[in-house]
Amino acid sequence: MSKFDPYTHLNISHDPATDTLTRPPTTPTNTDPTPGDPVVSKDVTLNPETRTWARIFRPTKLPSNDNTVARLPIIIYFHHGGWILLSAADAAAHTNCSQITSEVPAIIVSVNYRLAPESRLPAQHHDALDAIHWVRAQAQNPKGENWIRDYADVSRCYLYGCGCGGNIVFFSGLKAYQLQLEPLKISGIIMNQPMFGGVQRTNSELRFATDQLLPLPVLDLMWDLALPKATDRNHRYCNPMADEVHKDLIKRLGRCLVIGFGGDPMIDRQQEFVTMLVACGVRVDARFVDLGFHNVDFVDSRRAAAILNIVKEFII
């Protein structure tokens, strides 16, 4: 693949002088509801200094017990995009969050974290912690965001990430479990096809080196643009399995759900990651399917429904 250009594949260009990307337009979805929608959403500011924001989702019809609105679990969600693409307003992320909100049901806070290379790791992990603290603050503030204050049960808070978002929830979860966040409690971490890497190639990376969606040069480029400068793919943000230092922290993690598909170039990494979690004493529900490819659930409604059922079982 010596002549393969990952920039052309992703339709992006990089300015090394400013370390910025020119990206293709995404497919945004607005928040205006239409009659009969099972879910409503709105956008809120998280951190004005970093210019991060979130899209909050809630069911249109809220469940009730004895005419009292029942509080719902809250999910803090992080979209896919390989660190460098997409947003919380992207149509795929919006649809996924709407489905989860309706089916679980739950309140979702979908975080529009900063993208690389303009903001390299660990900026995205910091944005996740900002979001966790923001949710906690809304629940405690009588004037806080009412969808969280009035409808969310922050003692049942889940972190959910797809792709690089799965990486984000792992590292932010490590930090969150060290903090005093009451009344907020992280009840579980959901990692849907989490993004990890390393210098030494795995069998699945070599086997799927020419994958249509994520060929190996594209994965390498994403990490090159996301990792701190002057580091390689064995940095702990990319390859937590190679870093012994933080394994004592991993023991503190609560329940984890890890989902993967056999045609994903990163499947070997994901399975090695689960092995590490189990070795550290973490309660892990690992759901690996032989068939399927990375992000198959965003294009195959049957796979999307299967993952939704797995997530629902994990939360309920």
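Buried means under 20% relative accessible area. The exercises below apply this cut-off and others to a predicted model.

**Exercise 1.** Work out whether Cys 280 is buried or exposed, and why its sulfur forms no disulfide.

*Solution.*
Step 1. Take the accessibility. Cys 280 has a relative accessible area of 12%, so Cys 280 is buried.
Step 2. Set the bond criterion. A disulfide needs two cysteine sulfur atoms within 2.5 Å.
Step 3. Find the closest cysteine sulfur. For Cys 280 it belongs to Cys 256, 11 Å away, which is too far for a bond.

**Exercise 2.** Repeat the analysis for Cys 97, then state how many disulfides the structure holds.

*Solution.*
Step 1. The relative accessibility of Cys 97 is 0%, so Cys 97 is buried.
Step 2. The closest cysteine sulfur to that of Cys 97 lies in Cys 162, at 7.9 Å. That is too far for a bond.
Step 3. The count for the structure is 0 disulfides.

**Exercise 3.** Check the length of helix H9 against its expected span, and list its buried residues.

*Solution.*
Step 1. H9 covers residues 267-279, which is 13 residues.
Step 2. The rise is 1.5 Å a residue, applied to one less than the number of residues. The expected span of H9 is therefore 18 Å.
Step 3. The end C-alpha atoms of H9 are 18 Å apart, in agreement with that expectation.
Step 4. The buried residues of H9 are Ile 267, Arg 269, Gln 270, Phe 273, Val 274, Met 276 and Leu 277.
Step 5. Identify what these residues pack against. Their partners include helix H5 (164-176), helix H6 (203-207) and helix H8 (247-250). Strands E10 (186-192), E11 (256-261) and E12 (284-289) are also among them.
Step 6. Look past the helix end. Gly 281 follows H9 and has a positive phi, near 90°.

**Exercise 4.** Place strand E11 in its surroundings: which strands pair with it, and in which sense?

*Solution.*
Step 1. Count burial. In E11, 6 of the 6 residues are buried, so the strand is largely enclosed by the rest of the structure.
Step 2. Separate the faces. One side carries Cys 256, Val 258 and Gly 260; the other carries Leu 257, Ile 259 and Phe 261. Both faces are covered.
Step 3. Take the E10 side. E10 and E11 are parallel, with 4 bridges. Here Ile 189 has Cys 256 as its bridge partner in E11.
Step 4. Take the E12 side. E11 and E12 are also parallel, with 6 bridges. Leu 257 stands opposite Asp 285 of E12.
Step 5. Add the helix. E11, H9 and E12 together form a right-handed β-α-β unit.

Conventions: Residues numbered from 1 in each chain as written. Predicted model: local features only at pLDDT ≥ 70, side-chain atom pairs only at ≥ 80, totals over all residues. Heavy atoms only, no water. Helix = DSSP H or I, 4+ residues; strand = E, 2+ residues; numbered from the N terminus. Buried < 20%, exposed > 50% of the residue type's maximum accessible area, 1.4 Å probe, protein only. Contact = heavy atoms within 4.5 Å. Pairing = 2+ DSSP bridges. Right-handed = clockwise from strand over helix to strand, strands pointing away.
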